[in-house]
Amino acid sequence: MTEERPGSALLWERDEEVAAIERAVDTLCTGRAPHGRILVLRGEAGIGKTALLTEAHRIAELRGCTVWSARGGETLRSVPYNVVRRLLQPSLLALLPEEAREYLGDWYDITGPALGIARPGDGQPDPGSVCDGLVTAVRRLARREYPLVLLVDDAHWADLETLRWLAELCERLEDTSVLVLVACRTGELGGERAAYLDRVVRAAGPVASLRSLTPQATAGLTRATVGAHADDPFCREVWAVTGGNPYETVELLAKVRDAEIEPVEASAHELRDLNRSARGGGLVSRLDKLGIEATRFAWAAAILGTGITVDLVARLATLQPAVAERCAGILCEARILTTPDPLKRQTMDGELEFTHPLIESAVYNSIPDSLRTAMHGIAAKVVTDSGRGAAAASRHLLQVHPDDDEEVVEQLREAARAHLAVGAPAAARACLERALKEPPTPETHPRVLYELGCATLLTAPAVTIGHLRNALALPGLDVARRVDAVVRLSQALLHNDQVAEAISTVKAEASRHEHGPARLRLQACQFLWQGIHSAGADSPERSRHLAELAAACTGRDDSERALLIVHGFDVMMRGGDADEVVAICDRALVNGRLAPGLGWTDSRWGFELPLMIASIYAYTDRLDRAEALFSEAVREYETAGWSGGHVSLSYGYLGLALRRRGRLREAESTLRESLRLADRVGHRLPLHWTAFCNLVDTLIARGHLDDAMEIAERYEFGAPYASTILLPDARSIRGRLLLAVGRTDEAVEELEAAGRAAAERGHRNHLVAPWATDLARALADRDPERARELAATVRAGAERSGTWTAIGEALRCEAALAPRHRAVELAGRAAKLLEESPCQYEHAAARVEYGELADSVTELRRGLALAESCGADAVADRARTALRSLGADA
C-alpha cells in the first residue's frame with residue numbers, strides 16, 4: 001500500500017485491487033464505458049472484501065457518484081428481496097409516490113410490493129417478472145442518479161430472490177450505465193443459490209481473488225499500528241498466529257495496543273491467547289466478561305439480525321430500557337456493536353449493527369442451541385407485535401422446533417400468502433413445508449398441502465405434483481377445493497410433460513362425481529388435455545361424445561364455454577368447415593371477448609383454453625382476432641407480473657399469428673424473444689418447442705436456411721417430440737426444413753412419419769400439419785402418381801375447410817405438379833384466391849410462382865413488392881431473378 005486512506009489498515013497489499021476500482025469508477029464517470037460493468041471481490045472470511053468495498057464507496061463519492069450499498073446476512077437468507085430492498089428502497093422512498101410510480105412505470109404494481117414501497121395486489125406475481133421489473137428499475141434509476149455505483153457485500157448470504165436479480169442485472173448491463181461491485185466468500189453456497197452467484201462471477205469476467213497478507217506486509221502493518229520498534233520475531237509471530245488474515249491481524253494488533261503489550265520477542269508468546277479472544281470461544285469469553293446483561297443484549301441483537309433497535313432488543317432480551325441503553329454502550333465500546341454510518345446506511349430501520357459480519361456470526365453461533373431456538377420463538381412475537389407482519393416474523397418461526405401449535409401453522413400460512421403476493425414462491429414454500437412439520441391438525445393438513453402445491457405451480461411443476469397428490473389422498477378438502485386441486489394437479493402434470501397422467505387424473509376424479517358443475521368441469525379438462533396430447537390414437541368416439549356434450553351447451557358458465565372451445569378445436573384439427581368452427585367458438589365468448597373466468601391469467605382453468613381459441617382463429621383465416629388475443633395475453637401476463645413460461649408461450653403464439661399473417665420480420669423477432677424467455681425456464685419443455693418450431697418455420701419462409709438449421713441443431717429439433725400438440729406440427733416443419741436444405745431422403749422419411757401420426761389422431765387440417773403439400777413436392781420426380789394423390793387429398797381437405805388460405809395453398813401444390821399449361825391456370829387461381837387471404841407471405845409466393853409460369857412482369861413485380869414488405873427474402877430474390885430473365889428491371 002502506497003498511500004494512507006481511511007481504514008487503510010485493512011488495505012495493505014491491496015493496491016492492485018484499489019487501482020482496478022479507481023479505473024472502473026473513472027470510466028463510469030467519464031462516460032467512456034459503452035455499458036455497465038461488474039467487479040467481483042472473492043475470498044475467505046476476513047480477507048478484506050468489506051474494506052475494499054468501503055474504499056470503493058469513498059472513491060466513488062469523491063468523484064461525485066451516487067453510491068448505494070447493502071449486504072447479506074447469515075441469519076437473513078430466508079427473507080425474500082432483503083438485500084435488493086435495502087439497496088434500492090431508500091432512493092425510491094425519497095421520491096414522492098407519483099415520482100416513484102413514474103420511474104417504475106408499468107412495473108410499479110409488480111416490483112413495488114417486493115421493494116416494500118407499495119401494497120401487494122390480489123394476484124400472485126411470477127418471480128421472473130418481478131426480477132425483470134427490478135432490473136428495469138435499476139436501469140431507470142441509473143439514468144436519474146448517474147453516475148451510479150451499487151455495492152453488495154456478503155453476497156453469499158444474500159437471499160435467493162436477490163441473487164436471481166443480481167445475476168439477471170449483471171448479465172444485462174449492455175445498456176445500463178452502472179458500476180456493480182460484489183463481495184462474496186468462496187465455497188459458501190450450493191444448489192440454486194450457487195448457480196445464481198456463479199452467473200454473477202461469469203458476467204464479471206476476471207475476478208479479484210484476494211490473498212492473505214505476506215509476512216512482509218504483516219510486519220509493515222504491525223509496525224504502523226503498534227510502533228516502528230516492533231522487532232522481527234514479534235512481527236513473524238503476528239503473521240503465524242493470524243495466517244496473514246487482514247481482519248484478524250488488525251483485531252489482534254488493536255488488542256496488543258489496548259493491552260499495552262511491548263511488541264518484542266519476549267512478548268510474542270502472548271499473541272495466540274490474545275488472538276483466540278477475538279473470535280469463536282474467545283469472543284464468548286469476552287462477552288462473559290462484559291456481564292450477563294450485555295451478553296443477553298448481544299444475543300438478542302444477533303437473533304434480530306436486522307432492524308436492531310434498543311427497544312426491540314430490550315423486549316427480546318427482557319431488559320429494562322435503561323439497562324438496555326447501558327448494554328448498547330458497553331458493546332459499542334467493546335467493538336462488537338456500532339452505530340451505522342449515516343452516509344453509507346441504506347435503511348433507517350435500526351439504531352445498531354455489528355461491527356463486522358464475522359463478529360455477528362460468532363455471537364449468533366455462541367448462543368446455546370436450545371436457547372437460540374427459544375429466542376427465535378420470542379422474536380417472532382416481538383416482530384409481529386411491532387407491526388412488521390407475519391412475513392417478517394416467518395424467518396424466526398422457521399427456526400422454532402415443531403410443537404403441535406396450530407397458531408404457528410396459521411402464522412406460517414399467512415406468511416406464505418404474503419410471500420406469494422410479492423413474487424417469492426420459494427419463501428412461501430419454505431413456510432408451508434415448515435407448517436407441515438408442526439404438524440397441522442387433520443382438518444388443516446390437506447389445506448396446507450393444497451396451498452403448498454398452488455405456491456409452486458408456476459415455478460416447480462414436479463414439486464406441485466407431489467404436494468397435490470398428498471393433499472388429495474387425505475380427507476378434509478371440500479368438493480370445490482378438491483376439484484380445483486385435481487385440475488391444478490393435471491395442469492402441473494401437463495407442464496411437466498406428463499400429459500397421459502393428466503388425462504387419467506381428471507378422468508378418474510370425474511367418475512367420482514354425479515352430473516353437475518364439478519363433473520362437467522373435470523370432463524372439460526379431460527377433453528382439453530386429450531385434445532392437445534400428441535401421443536396415441538384419437539378415436540372418433542371421443543369426438544362424437546365431445547360433440548354431444550357441446551351440443552347441449554349454450555355457454556352459460558365456464559365449464560360449458562370450455563367444452564365449446566375444446567369441441568371447436570377438435571373440429572378444426574379434423575379439418576372441419578371453418579365457418580362452423582368459428583361459430584362454435586363464438587358461443588364460448590361473452591360479447592365477443594374471453595369470459596372473465598377464462599382469461600389468460602385465470603388460475604382456475606389455466607391458459608390452455610384462451611390459447612386454444614386464439615389458435616383456432618389463426619387457422620381459420622381470422623388472423624386479426626388471433627393476433628389481438630395473443631397480444632392481449634402478452635399484456636395481461638406482464639401487467640399481472642407473470643413471466644417465464646407464460647410470457648414465453650404468449651410470445652411464441654403471437655409469433656405464430658405474425659407468421660401466419662406474413663409479417664415475417666416481426667414474427668422472427670417475437671419468436672426469438674419467446675425462445676430467450678423459454679431458456680430461462682428449463683430445457684426442451686413444450687414452450688421451447690412452440691418457440692423454436694415456429695421460429696424455424698419463419699426462417700424457412702424468409703429463406704434464411706442457415707439460421708433455421710442453426711436453431712434446429714441448437715435445440716435438438718427432432719425425436720423424441722413433445723407430448724403436447726404443437727402448432728404448426730413439429731414433424732411437418734422439420735421435414736420442410738430437411739427438404740429446403742436438400743436432404744430429400746430424410747425429408748421424405750420425416751414427412752411420411754408426420755402423415756402417419758396425423759392419420760392416427762384423425763387430424764386432416766393441412767394448414768396445421770402441412771406434411772402432405774411438402775411430401776408431394778418431394779415426390780414430384782421420384783413418384784409423381786403418389787405426389788398427385790397427395791395434392792388431391794390436400795385439395796379435398798381445403799375445400800372441406802373452405803378458407804381462402806387452405807384452398808390457395810392446395811392450388812399452389814397442384815400447380816407445382818401439373819404440366820405447364822395446367823400449372824399456369826392453377827397458379828393464377830391460387831394467386832387470386834390468396835389475394836383474399838390474410839396470409840401475405842403465401843400471397844407473395846403465389847404471385848411470384850404465377851408470374852414465373854406466365855412470364856408476367858406485372859405479376860412478378862407485384863409479388864416482389866409483397867415479398868419485400870413481409871420480409872420474404874428468398875421469394876423476393878426469386879422474383880428478381882425471374883424479372884432479369886425476362887429482361888425487366890425489378
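Two exercises follow, on helix α39 and strand β4 of a predicted model.

**Exercise 1.** Determine which residues of α39 are buried, how they are arranged about the axis, and what covers them.

Solution.
1. Take the extent of the helix: α39 covers residues 784–801, which is 18 residues. From first C-alpha to last it reaches 26 Å, close to the 26 Å expected at 1.5 Å a residue.
2. Apply the cut-off for burial, under 20% relative accessible area. In α39 the buried residues are A787, L790, A791, V794, R795, G797, A798 and S801.
3. Look down the axis of α39: the buried residues fall within an arc of 165 degrees, so they line one face of the helix.
4. Identify the cover. The buried residues of α39 are covered by elements including α29 (578–586), α38 (771–778), α40 (804–817) and α41 (820–835).
5. Check the residue just after α39: G802 has a positive phi of about 85 degrees.

**Exercise 2.** Establish how β4 is covered and which strands pair with it.

Solution.
1. Count the buried residues: in β4 (residues 178–184), seven of seven are buried.
2. Sort them by side. In a regular strand the side chains alternate between the two faces of the sheet. For β4, V178, V180, V182 and C184 lie on one side, with L179, L181 and A183 on the other, and both faces are covered.
3. List the pairings. Strand β1 (residues 37–42) runs parallel to β4 and is joined to it by six bridges; L41 has A183 as its bridge partner in β4. Strand β3 (residues 148–153) also pairs with β4 in the parallel sense, over five bridges, and V149 has L179 as its bridge partner there.
4. Trace the connection: β3, helix α7 (residues 160–171) and β4 form a right-handed β-α-β unit.

How values were computed:
Residues numbered from 1 in each chain as written. Predicted model: local features only at pLDDT ≥ 70, side-chain atom pairs only at ≥ 80, totals over all residues. Heavy atoms only, no water. Helix = DSSP H or I, 4+ residues; strand = E, 2+ residues; numbered from the N terminus. Expected span 1.5 Å × (residues − 1). Buried < 20%, exposed > 50% of the residue type's maximum accessible area, 1.4 Å probe, protein only. Arc of directions from axis to C-beta. Contact = heavy atoms within 4.5 Å. Pairing = 2+ DSSP bridges. Right-handed = clockwise from strand over helix to strand, strands pointing away.
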